[in-house]
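I had this one open on the screen and kept notes as I went. Here they are, in the order I looked things up.

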Amino acid sequence: MIDDLYSAKLLRLAADLPRTGRLVDPDATSEKVSKLCGSRIVVDVKVSGGRVTDFAQDVKACALGQASASVLGAHVIGASLAELETTRDAFRAMLKADGPPPEGRFAELGLLAPVRDYPARHTSTMLAFEAVTEAVAEAVTRES
């Protein structure tokens with residue numbers, strides 16, 4: 001079962017982490033930490049018209065957290081708060097309630113479905129999406 005968890009595709013995602021670093025002048029920032037394992041993610045966002053226009057992430061996480069952040073970083077530009085919240089909620093349901101994987105631009109999160117069998121890993125796997133929805137919600141509020 002551990003081989004399913006750390007598949008070659010998942011490890012490739014974890015190794016290819018896009019949009020790393022920090023933004024100079026973000027509209028909002030969010031930091032999330034997994035108390036269990038110490039994984040940490042800080043995201044910076046720029047938002048215009050309710051959509052993400054720029055994004056950066058500082059990721060110090062396990063391979064599962066890195067893989068999730070990789071999917072986020074590859075597809076976040078242009079996403080709305082509603083889309084990010086829907087994805088976060090579907091991702092959580094996939095892990096905790098055996099729901100289907102998220103659809104649309106973030107469908108690649110389906111590679112993380114085997115994590116459902118490891119509840120102790122759920123928090124670190126969700127960090128990037130928890131952080132980005134919080135940051136975008138803050139930026140959208142400031143924008144309006």
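**Ground rules.** Before looking at any side chain I fixed my terms: buried means under 20% relative accessible area, exposed means over 50%, and partly exposed is in between (1.4 Å probe, protein chains only). This is a predicted model, so local features need pLDDT of at least 70 and side-chain atom pairs count only at pLDDT 80 or more, while totals for chains, interfaces and linings use all residues. Residues are numbered from 1 along each chain as its sequence is written, and side-chain values use heavy atoms, with hydrogens and water left out.

**Leu13.** I started with Leu13, which counts as buried at 11% relative accessibility. Leu13 sits in helix 2; helices (H or I, at least four residues) and strands (E, at least two) are DSSP runs, numbered from the N terminus. Which residues are in contact with Leu13, leaving aside its neighbours within four places in sequence? I found Gln66, Ala67, Ser70, Val71, Glu108 and Leu111. Contact here means heavy atoms within 4.5 Å. I also checked Leu64: its C-alpha is separated from that of Leu13 by 9.2 Å, with their positions 51 residues apart along the chain.

**Helix 3.** Next I looked at helix 3 itself. Its buried residues are Leu64, Gly65, Ala67, Ser68, Ala69, Ser70, Val71, Leu72 and Gly73. The length agrees with expectation, because 13 residues at 1.5 Å a residue should span 18 Å and the end C-alpha atoms are 19 Å apart. The expected span is 1.5 Å times one less than the number of residues.

**The core.** I then pulled up the largest nonpolar core, meaning a set of buried Ala, Val, Leu, Ile, Met, Phe, Trp, Tyr and Cys residues joined through side-chain atoms within 4.5 Å. Of its 41 residues, Val45, Leu72, Leu84, Leu112 and Val132 touch the most other members. Helix 2, strand 2 (40-48), strand 3, helix 3 (63-75), helix 4 (81-96) and helix 5 each supply at least two residues. Which element gives the most to this core? Helix 5 does, with nine residues. I picked Leu72 for a closer look: setting aside neighbours within four places in sequence, Leu72 is in contact with Phe55, Gln57, Leu84, Phe106, Ala128, Phe129 and Val132.

**Helix 5.** I went on to helix 5, whose 22 residues reach 32 Å from first C-alpha to last, close to the 32 Å expected at 1.5 Å a residue. Helix 5 bends by about 35° at Ala128; the bend at a residue is the angle between axes fitted to the seven residues ending there and the seven starting there.

**Rings.** How many aromatic pairs does a search of the whole structure find? I got two. Rings of Phe, Tyr and Trp (its six-membered ring) pair if their centres lie within 6.5 Å; planes under 30 degrees apart count as stacked, over 60 as edge-to-face and the rest as tilted. Phe91 and Phe129 are edge-to-face, 5.7 Å centre to centre with 75° between the planes. That pair links distant parts of the chain, with Phe91 in helix 4 and Phe129 in helix 5, 38 residues apart. Phe106 and Phe129 have centres 5.4 Å apart and planes at 90°, so that pair is edge-to-face too. Phe106 lies in the loop between helix 4 and helix 5, 23 residues from Phe129. Both Phe91 and Phe129 are buried, and so is Phe106. I noted Phe91, Phe106 and Phe129 down as one aromatic cluster.

**Salt bridges.** Last, the charges. I count a salt bridge when a side-chain nitrogen of Lys or Arg is within 4 Å of a carboxyl oxygen of Asp or Glu, and the structure holds 13 of them.

- Asp54 pairs with Arg19, the closest N and O atoms being 2.8 Å apart. Asp54 is in strand 3 (residues 51-60) and Arg19 is in the loop between helix 2 (8-15) and strand 1 (28-33), 35 residues apart. Asp54 is partly exposed at 28%, and Arg19 is partly exposed at 33%.
- Asp89 meets Arg88 at 3.0 Å, N to O. Asp89 is partly exposed at 35%, whereas Arg88 is buried at 18%.
- Glu138 bridges to Arg142 at 2.4 Å between the closest N and O atoms. Both lie in helix 5 (residues 122-143), four residues apart, about one turn of the helix. Glu138 is partly exposed at 30%, and Arg142 is exposed at 56%.
- Glu31, Arg40, Asp58 and Lys60 are linked in a network of salt bridges.
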